[in-house]
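Biologist: I'd like to go through this one with you, step by step. Shall we start with how the chains meet and then look inside them?

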Amino acid sequence: MDILNNILAGQVPMELYLGVSLIMFFAGVYGFLSRRSMLMILISIELMLNAADLNFVTFNRYLFPGQLEGFYFALFTIAIAACETAVAIAIIINIYRNLSSVEVGNLDQMKE
Amino acid sequence: MQYTLLILVLPLLSFIVLGLVDSKWKPKVAGTIGTVVLGIITALSYLTAWEYFTTAKINGVYEKIIPMHMEWIRFTEFLHIDLGILLDPISVMMLVVITTVSFMVNIYSLSYMHGEKGFQRYYAFLSLFTFSMLGLVVATNIFQMYIFWELVGVSSFLLIGFYYTKPSAVAAAKKAFIVTRFADLFFLLGILVLSFYTKTFDFGILTAEHTTVFAGSAGATFLGFGVISWAMAGIFIGGAGKSAMFPLQIWLPDAMEGPTPVSALIHAATMVVAGVFLVARFFPVYYFQTPEVLHGVAYIGAFTALFAAVIACVQTDIKRVLAFSTISQIAFMMVALGVSGYEGHEGTGFMASMFHLFTHAMFKALLFLGAGSVIHAVHSNEIKDMGGLRKYMPITNWTFLIACLAIAGIPPFSGFFSKDEILSASYEFSPYIGGIMTFVAALTAFYMFRLYYSIFWGKDYTVKAAAHGHDDHGHGHTPHESPFAMAFPLVFLATVTCFAGFIPFGKLVSSTGADYIIHIDSTVAIMSVVIASISILVATLMYRKPSATPDKLEKTFKGLHTAASRRFYIDEVYLFITKKIIFNSVSRPLAWFDRHIIDATMDGFANTTQWVSVRIKGVQSGQVQQYAYVFLLGTLLIAALVFFI
Amino acid sequence: MNFLSLFVLIPVLMMMGLFVSCSRKQLQIVMTIGASLLMILSGILTYMYLTDRAAGNLATMLYTADTVWYAPFNIHYSVGVDGISVAMLILSSIIVFTGVFASWKIDPLPKEFFLWFSLLSIGVYGFFISTDLFTMFMYYEIALIPMYLLIGVWGSGNKEYAAMKLTLMLMGGSALLLVGILGIYYASGATTMNLLEIAKLHNIPVAMQYYFFPLTFMGFGVLGAMFPFHTWSPDGHASAPTAVSMLHAGVLMKLGGYGCFRVAMYLMPEAAHEMAWIFLLLTGISVVYGAFGAIHQTDLKYINAYSSVSHCGLVLFAILMMNETAATGAIMQMLSHGLMTALFFALIGMIYGRTHTRDIRLMGGLMKVMPFLGVSYVIAGMASLGLPSLSGFVAEMTIFVGSFQHTDTFHRVLTIGAVSSIVITAVYILRVVGKIILGPMQDKHHEELTDAVWYERLSVGVLIAAIFAMGSAPFWISSMLHESVIPVVSQLIK
Amino acid sequence: MAHQIIFFVLALIIATFSILAVTSKRIIRSATYLLFVLLATAGLYLLLGYNYLFAVQIAVYAGGVMVLFIFAILLTNKPGENLKTELPVRRVVAGATAVAGLAFCAHLIYWNIKKVTVLVEQADITPQQLGHSLMGTDKYQYLLPFETISILLLACIVGAIMIARRR
């Protein structure tokens with residue numbers, strides 16, 4: 001009821017932002033766990049990263065207004081996400097060339 | 001008498017030089033070097049003997065002289081191995097014996113070994129042997145003796161195995177080395193025990209008449225015997241190994257695989273008497289501290305003498321006959337030492353033993369060289385290939401005859417004097433031992449003349465070498481007398497054998513160093529001469545002309561004959577022990593145990609680890625999503641733990 | 001910088017030289033120069049050491065130097081030598097030198113081989129000059145690791161298995177060792193890792209010693225091929241390339257004996273006293289067991305490996321007798337065994353390189369075609385069975401005489417057991433000599449084989465000369481060692 | 001009030017398309033849904049007052065990363081082919097795990113986060129401010145991370161080229 005009250009009071013409470021990112025995150029988790037295509041896994045990872053970014057920004061904005069830690073953290077995370085995607089996609093393409101498949105279940109040759 | 005050092009150094013140098021150049025020099029050069037060096041040291045040792053026996057007598061007793069001496073390695077405060085030269089009557093006598101025989105053998109070999117592959121090596125080994133044997137006899141302490149003892153063993157190994165491509169020679173060399181090594185183990189243990197109680201290795205201290213070093217061992221016993229007895233018994237076993245006493249005699253007959261001059265030098269005259277020399281060297285210790293061991297020596301000697309003499313009667317290989325005769329004669333010396341007392345007349349045995357050592361060295365070397373001469377001529381060792389050779393080889397014939405008469409104990413040849421002393425000493429100790437020894441002496445005369453007649457008389461020599469295929473030398477088929485280099489040593493040694501008996505030996509060598517007048521016990525002397533003559537007569541009747549008597553006798557005593565010609569199966573017993581027990585029952589299971597138990601345990605650790613890792617490898621599936629599940633659940637669990645507990 | 005560190009520095013420089021060299025010739029030049037420098041250095045060291053001792057320098061260790069490495073754990077780089085280390089350094093130099101020539105034509109990958117070989121020698125030299133427990137341990141590990149690659153890559157036969165087995169067993173030993181060393185460090189009051197300091201303090205509680213002595217002793221004992229941890233030795237040596245077998249059996253196995261003596265017994269004398277009997281039994285078993293084990297083998301290297309078990313067992317056996325003579329003998333035996341086993345492995349490698357078999361049943365009469373190798377093999381055999389004037393004799397006799405001086409009957413009886421190994425040794429040595437060197441030719445193809453070439457002759461010649469030198473003039477080395485074992489043994493007797 | 005409405009619209013978009021993105025059978029559609037999610041997130045940034053972050057999100061994520069995705073999908077997928085359907089068990093388990101995690105975290109948020117509703121007004125972050133805080137090494141200044149990231153980016157570019165190029 002508090003939430004509703006808050007909403008009606010004309011302010012978006014922090015929990016809602018967190019809730020949104022939570023849904024995004026666990027959608028990512030679901031995708032990561034259930035899909036077999038590596039591209040899908042990558043998409044799931046992007047979702048999770050994005051959720052994390054949103055959390056950083058939210059915390060910064062609500063709890064430490066006037067500072068910029070969370071902001072920069074989100075900024076750098078975006079940069080890292082870009083890097084990671086670039087490398088990951090390079091690897092995926094390479095794997096596809098060699099195995100003609102991007103199914104993650106086939107990729108256990110390196111365990112022995 | 002500093003120059004005595006040269007007696008040791010020269011042959012060593014000769015060995016090193018000849019060994020290093022090996023086949024780069026001509027055989028003739030190598031042979032000359034070896035022989036000349038031996039000539040020089042022979043002269044030097046004669047000089048030593050002359051100087052020693054003329055000057056070293058103080059108060060009527062020969063003193064021990066130590067002209068050279070250095071510390072080689074120090075173990076503890078008291079125990080240290082020294083290398084030095086100890087001159088006393090017996091070592092000086094041994095110097096003379098060794099250098100003389102060795103010199104003769106060197107000359108002889110120039111011709112005998114002519115054209116053999118490895119001639120240079122042969123001379124190098126001869127020098128090595130001479131060096132080690134000389135070092136052995138002049139040892140100042142027991143450990144120096146042990147050192148040279150081992151060196152003598154290895155040079156014997158090398159010389160027996162001279163024809164190294166012949167499997168039988170290699171086997172014989174191995175056997176000789178291992179059997180003597182086994183005996184040396186006891187020698188070493190004896191030294192260890194002795195030095196533990198006496199805290200010294202030095203002969204001077206150990207063999208002094210009123211020594212106090214044994215006080216520390218008083219009361220220390222093991223299995224009912226004093227520890228010193230055990231130690232001295234061990235040392236005697238070492239000597240018995242080298243001197244081929246029963247039951248360690250098995251290597252000597254096989255050692256005849258070596259070249260014949262080597263047999264003459266090592267396995268007749270010098271190395272095999274090292275055991276006798278050892279007991280003589282320790283004689284005061286044996287006599288004063290452990291008389292029971294000394295008596296043991298006498299009994300073992302008596303048994304060996306009889307045993308070997310019986311076998312010698314039926315052997316058909318001439319070198320084997322001589323080998324068993326050597327065993328028997330060495331046993332004579334051992335008996336003499338065993339029955340000997342210490343001082344004055346009591347000490348006959350000791351003196352007789354040394355005397356017999358001296359004379360035996362000469363005539364046995366002569367016999368072997370003569371046998372070598374025969375073998376050289378007919379290219380066979382077997383009696384059946386010989387006969388009637390006296391016409392072809394007169395020098396060999398006569399010298400051989402002299403040696404046979406000497407060993408049979410017929411006066412005036414040297415063997416008579418020494419053997420007679422031994423017999424009388426034995427009778428004084430115990431009539432049984434004396435009786436046995438007389439019987440052995442009779443057997444000796446018998447088998448020696450059996451040998452002599454079989455070689456030089458008997459059936460006429462028929463030329464058959466071609467059929468045998470032995471004759472790949474391209475020699476003529478008729479045997480002929482040996483060349484000068486071989487004949488000279490025979491004549492020289494025969495001369496010595498004729499006259500050595502008249503050396504006043506008792507004045508020179510005796511147990512105390514004091515004079516001892518040899519007087520011949522006429523009863524014993526007459527008896528032994530008569531018995532020997534009868535034996536010779538029997539042999540003459542049986543073997544001079546081809547006759548059926550030997551075969552008949554052989555048939556009658558078939559069991560005994562077979563047993564004796566198979567050497568009473570002692571070799572088979574040894575073979576059983578080594579092959580069956582040590583090799584198959586100890587070593588093989590041990591190797592199996594090592595591979596399948598110990599090693600398998602170690603491998604087992606590895607395999608277990610691997611097995612476990614294979615089992616848990618499934619967890620690391622390589623499936624990233626599984627990892628994610630585990631990761632997520634783990635995170636949740638930890639978070640839950642943190643927040644709710 | 002102490003000049004002892006040159007022993008480590010020269011191999012490092014050798015490695016650099018190897019890196020930049022690009023032909024086999026250059027590799028050989030670099031290795032020859034380096035190995036010769038090490039020989040010269042050890043000669044100079046010996047001379048300096050003897051001069052200083054003669055001048056009356058009585059310090060336990062000479063030429064000590066100390067540099068702090070890692071202060072929080074009191075790890076220092078400290079070096080110093082006494083007679084034992086000097087002897088071991090000479091041994092290492094000789095074997096590295098001859099090892100280089102024995103692997104003159106190593107194939108394939110000569111550069112890599114020599115690099116690892118140099119690394120191995122760094123470990124060996126470093127171990128012998130160190131007086132700090134941690135540095136010692138570090139060098140020990142440096143010496144172990146290259147073995148894996150050297151055997152695994154350049155070995156023969158079942159090499160992967162052997163390399164793995166050797167490395168794992170030795171690593172297992174060094175794990176025990178690490179625990180032992182840390183135990184010593186903490187139990188001693190934890191102010192230093194320097195051996196001499198710990199020994200001087202001498203305050204490790206006896207109850208603690210009971211835990212750490214067996215660990216340390218066994219840790220080093222594995223390397224010293226103590227029964228029942230010896231099984232790496234036959235397989236490892238059989239598969240290793242020639243020079244590695246030489247270095248391993250010749251020097252590396254000595255690290256075990258040296259460590260047992262220097263670390264385990266020196267630092268924990270009370271426990272050593274109490275527990276010696278267990279290890280005496282084990283080492284006594286090794287002596288006889290190794291000898292019997294060798295009788296039945298048919299592979300030359302296996303025979304020699306078992307013989308090493310027997311001889312190295314004698315080293316540990318003598319150390320445990322805890323008297324000066326036996327300990328001196330033990331060190332001499334290390335030297336002697338190092339030389340003669342290196343000679344053996346060198347010869348076996350050369351024979352194998354020609355006949356392509358090591359099975360003694362397939363060979364015979366090699367003396368005829370390769371007299372030099374044949375004679376050398378006989379000499380090696382004679383040294384092994386303890387012929388006087390060769391090194392084996394003086395070492396064994398010192399051990400036997402020393403051990404037998406023990407006042408305890410138990411020790412004397414064990415000594416008698418150990419003495420009996422000399423006969424068994426004679427049996428297996430003569431068996432091999434009679435089979436492969438002497439006797440008739442077994443294989444027609446062997447008639448065309450050639451004798452040793454110059455670098456092989458050099459390698460073998462140096463070893464034989466060393467064996468002869470030690471065997472005929474033992475007095476100086478014996479007195480040098482005797483002086484140096486006194487501090488340790490007096491610690492034990494206290 | 002507009003604030004709330006915009007928030008709810010964006011939240012709805014994010015929730016819907018997140019779920020659609022991970023459940024869609026056609027990968028190209030998933031990518032598209034992802035794009036929507038990213039754009040909506042950018043909207044949230046704007047809502048929170050981080051204009052610069054909004055720009056970066058649009059440029060890097062929605063622009064750069066998505067292009068990469070599309071390329072990758074086109075390179076690795078045969079056109080028109082559906083992804084293989086996963087086993088239902090797998091989906092159920094994954095779903096259950098996700099829901100469990102969601103519930104757990106929601107629980108945590110609900111009970112542990114102090115109810116902050118007031119959005120403190122703050123001025124826009126000026127580019128000058130950003131520049132200063134990126135180019136200094138004092139407290140709250142981020143030169144070092146910035147440089148690190150730049151090196152990382154460089155490494156990634158090189159790495160990606162190395163990996164993906166044809167041998």
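**Where the chains meet**

Modeller: Sure, and keep in mind that this is a predicted model. To kick off, 65 residues of chain A are in contact with 70 residues of chain D.

Biologist: Which helix gives the largest share of the side of chain A that touches chain D?

Modeller: Several helices pitch in: α1 (2-8), α2 (14-34), α3 (38-63) and α4 (69-99) of chain A each supply at least two residues of that side. The largest share is 21 residues, and the helix they come from is α4(A).

Biologist: And by class, how many residues on the side of chain A that touches chain D are nonpolar?

Modeller: Let's take the other classes before that one. On the side of chain A that touches chain D, 14 residues are polar and 6 are charged. The nonpolar residues there number 45.

Biologist: Which pair of chains has the most contacts?

Modeller: Some pairs drop out right away. Chains A and C do not touch, with their nearest C-alpha atoms 18 Å apart, and chains C and D do not touch either, with theirs 28 Å apart. Among the 4 pairs that do touch, the most contacts are between chains A and D.

Biologist: What about chains B and C: which helix supplies the largest share of the side of chain B that touches chain C?

Modeller: Here 38 residues of chain B are in contact with 41 residues of chain C. On the chain B side, β3 (65-74), α5 (142-160), α6 (167-198) and α25 (570-617) each supply at least two residues. The largest share, 13 residues, comes from α6(B).

**Inside the chains**

Biologist: In chain C, which residue in the hairpin of β1(C) and β2(C) takes a positive phi?

Modeller: Strands β1 (residues 62-70) and β2 (residues 75-81) of chain C pair in the antiparallel sense over 6 bridges. One of the bridge partners is easy to look up: C:D66 is matched with C:S78. The hairpin has 4 residues between the strands, and the residue with a positive phi, near 55°, is C:N74.

Biologist: Last one: is helix α10 (residues 260-269) of chain B largely enclosed or open, and why?

Modeller: A residue is buried if 20 or more other C-beta atoms lie within 10 Å of its own. The buried residues of α10(B), including B:L265 and B:I266, pack against α3 (89-112), α4 (119-137), α5, α9 (251-254), α14 (318-339) and α15 (348-378) of chain B. Because 10 of the 10 residues of α10(B) are buried, the rest of the structure leaves this helix largely enclosed.

Definitions and conventions. Residues are numbered from 1 along each chain as its sequence is written. Chains are lettered from A and ligands numbered from 1 in the order in which they are written. This is a predicted model: local features need pLDDT of at least 70, side-chain atom pairs count only at pLDDT 80 or more; totals for chains, interfaces and linings use all residues. Two residues are in contact if their C-beta atoms, placed from the backbone, lie within 7 Å. Ala, Val, Leu, Ile, Met, Phe, Trp, Tyr, Cys and Pro count as nonpolar, Asp, Glu, Lys and Arg as charged, and the others, Gly among them, as polar. Two strands pair if DSSP finds at least two bridges between them. A residue is buried if 20 or more other C-beta atoms lie within 10 Å of its own, exposed if 12 or fewer, and partly exposed in between; C-beta atoms are placed from the backbone.
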